[in-house]
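Let's learn to read a structure together, one feature at a time. Have a look at what is shown below before we begin.

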Amino acid sequence: MIPYRLITAVALGGSYLLSSGRIPQWPVPSFLAAFTALLAIQVLAWVVWVVILYPKLFSPLRGLPEPSGNSWFMGQFKTVMALPTGAPMIQWINSIPNQGLIRYLGPFNQERLFITSPKALAEVLVTKNYDFIKPEQLRFTIGRILGVGVLLAEGDEHKVQRKNLLPAFAFRHIKELYPVFWAKSREGVQAMTEEIIKDAAQRNDSEKNTAVIEVGNWASRITLDIIGVAGLGRDFEAIKGPSNRLTQAYGRIFQPSRQARILQLLGMLLSPRIVSWLPVKHNEDIDVSVRMIRAECAELIKEKKQKLARKELNDVDILSLMTFLAAGHETTASAMTWATYLLAKHPDVQTRLRAEVREHLPPLSGAGADDASTVSSVDIDRMPYLNAVCNEILRYFGPVPLTLRKAACDTSIQGQFVPKGTQIMLVPWATNRSEAMWGDDALVFNPERWMQKSDTDKRAASGGATSNYAFMTFLHGPRSCIGMSFAKAEFACLLASWVGRFEMELHNKEEMDEAKVIIKGGVTARPAKGMYIKTTVLEEW
Ligand code: HEM
């Protein structure tokens with residue numbers, strides 16, 4: 001970001017000296033002319049230093065391996081913008097020989113350090129975790145929506161918040177939530193079934209149980225209800241209606257437009273705060289949505305306070321709620337969206353999974369169904385193929401394609417000096433598909449890699465990867481996803497219920513070719529225009 005305070009101060013001081021005639025040999029300009037000239041000279045010098053001299057001639061990182069084809073001014077920006085978030089790094093990790101670090105240049109040649117090997121990841125995520133903080137831009141952009149809850153807090157503040165939250169996410173508690181996950185999955189499936197049958201009846205054609213539905217919206221509504229009931233004790237009833245206020249608010253936030261991307265770029269030059277003041281539609285949308293979500297959370301806190309017989313709760317609780325609401329539903333909804341895509345693309349996997357689900361889990365309705373029947377963690381654990389498919393979907397299309405850190409001090413990674421302020425790229429999409437870690441079929445969707453081949457086969461537990469750091473979907477270490485067990489259990493229940501009841505095909509057959517699916521950038525990866533699936537309600541389950 002341009003050091004505009006320093007530049008303005010120097011220009012003010014310099015123009016005062018010049019215009020007051022205190023430098024004898026110099027002609028005396030007007031204050032305004034001196035100020036403008038000094039400002040322009042400094043900005044130019046700063047631009048030349050930052051964009052050309054430092055990254056190309058002086059940076060200690062300039063000897064590291066990097067992708068070819070840099071623009072002289074914008075580095076790899078064109079490639080990064082042309083492909084989905086995280087996708088260029090999949091190519092780089094598999095084609096640029098490196099020892100755990102790849103440097104690339106972003107807009108205005110800003111340096112990025114992309115971490116690629118298990119040892120380097122272990123240093124950034126675990127051993128030197130607190131040397132690497134979330135950059136201001138991320139803190140401001142996400143903090144504007146969620147407040148500085150556990151996701152964005154740093155140092156001791158983070159340690160305290162995380163320690164307080166951890167017990168709630170222990171597996172012994174998550175185990176108790178399976179019935180909630182199942183009940184909501186079931187409610188979601190029933191609502192989807194009704195919509196499909198209604199749609200088919202209106203069309204009045206031969207396919208009585210089939211309709212094309214946009215699964216991403218359904219997934220968001222169901223996961224919002226799940227986090228509401230399981231995490232916050234409130235049923236938002238989003239499944240009952242797409243016009244639910246919270247669903248719409250999150251829809252506006254998580255559907256970033258072209259304008260949002262332009263503002264993000266502007267924020268790198270100026271300051272994200274200044275950009276957030278601009279009177280444009282994206283800013284208005286965010287403000288309206290955040291006010292709405294905050295009011296909903298404040299209402300929840302009020303209810304909790306009453307229930308807790310006036311034990312004091314404060315603003316931190318609102319921030320926690322806001323964090324859980326967003327972090328806890330859009331991510332799993334993204335996983336469900338990609339799950340339907342991959343199952344539609346791989347009908348053999350879908351059929352095999354359906355057979356396992358129907359063999360082990362109680363039907364949702366019809367003959368043999370019991371309204372009170374539910375599933376437990378034991379039921380889910382004894383379904384190896386369901387677990388393999390879930391893991392492979394989370395590997396192949398991790399909902400968070402990429403996340404950022406910034407070196408908080410001068411430090412090192414794998415012996416390489418890393419100056420304070422260096423931007424660090426952690427890219428689950430790339431690590432999860434690294435051929436060095438996953439083998440030659442890293443780029444292939446293959447649930448089989450998670451299936452135990454024999455009783456002594458230990459490698460299947462890590463999908464056959466050479467290191468645990470190969471699976472970066474939830475990161476690792478003290479800043480890993482606190483909701484991982486929650487998310488995995490919820491995802492397994494949702495996927496089992498959908499595949500047990502529906503047969504899924506791609507509506508747009510062109511999308512069988514993954515390159516034809518346009519993926520939007522943002523915090524979570526989603527198909528830019530939604531995921532339209534031709535869904536058939538199957539009988540007897
Ligand atoms: C498939 C679903 C999910 C995925 C892929 C996912 C992924 C992630 C990732 C990658 C991070 C680290 C972000 C960073 O530091 O840059 C994270 C953090 C976090 N996640 Fe999740 N998440 C999922 C579901 C959930 C759920 C269901 C919850 C809550 C119920 C949750 C709560 C959190 C919280 C609170 C953090 C911040 C942890 C910290 O900084 O200490 N997540 N998640």
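What follows is a short conversation between a learner and a teacher.

Q: What kind of model is this?
A: This is a predicted model, in which local features need pLDDT of at least 70 and side-chain atom pairs count only at pLDDT 80 or more, while totals for chains, interfaces and linings use all residues. Residues are numbered from 1 along each chain as its sequence is written, and side-chain values use heavy atoms, with hydrogens and water left out.

Q: Which domains does the protein have?
A: Domain bounds come from an automatic or database domain assignment. Here it gives domain 1 (1-58), domain 2 (73-135 + 401-472) and domain 3 (159-400 + 473-537). The centres of domain 1 and domain 3, taken over C-alpha atoms, are 52 Å apart.

Q: Where does UniProt place the "transmembrane region"?
A: UniProt annotations may be inferred rather than shown by experiment. The unreviewed entry puts this feature at residues 31-54. Helices are DSSP runs of H or I with at least four residues, and strands are runs of E with at least two. Residues 31-54 are 100% helix and 0% strand, with 32 Å between the end C-alpha atoms.

Q: Which protein atom is a donor to the iron atom of the ligand?
A: Donors are N, O and S atoms within 2.8 Å of the metal (3.2 Å for Na, K and Ca), and sites may look incomplete because water is not among the atoms. In this model the only protein donor is SG of Cys-481, at 2.3 Å. Cys-481 sits in the loop between helix H20 (435-438) and helix H21 (484-501).

Q: Which residues come nearest to the ligand?
A: A residue counts as near if one of its heavy atoms lies within 4 Å. There are 27 residues around the ligand, and Lys-134, His-158, Arg-162, Thr-403 and Cys-481 come nearest. Domain 2 and domain 3 each give at least three residues to this shell.

Q: What polar contacts does His-158 make with the ligand?
A: Look for a pair of N or O atoms within 3.5 Å. A polar side-chain atom of His-158 is 2.7 Å from a ligand oxygen atom, and Arg-162 also has a polar side-chain atom 2.7 Å from an oxygen atom of the ligand. For Arg-405, a side-chain N or O atom lies 2.8 Å from a ligand oxygen.

How values were computed
A polar contact is a pair of N or O atoms within 3.5 Å; within protein, one must be able to donate a hydrogen and the other to accept it, and residues adjacent in sequence count only if both atoms are side-chain atoms.
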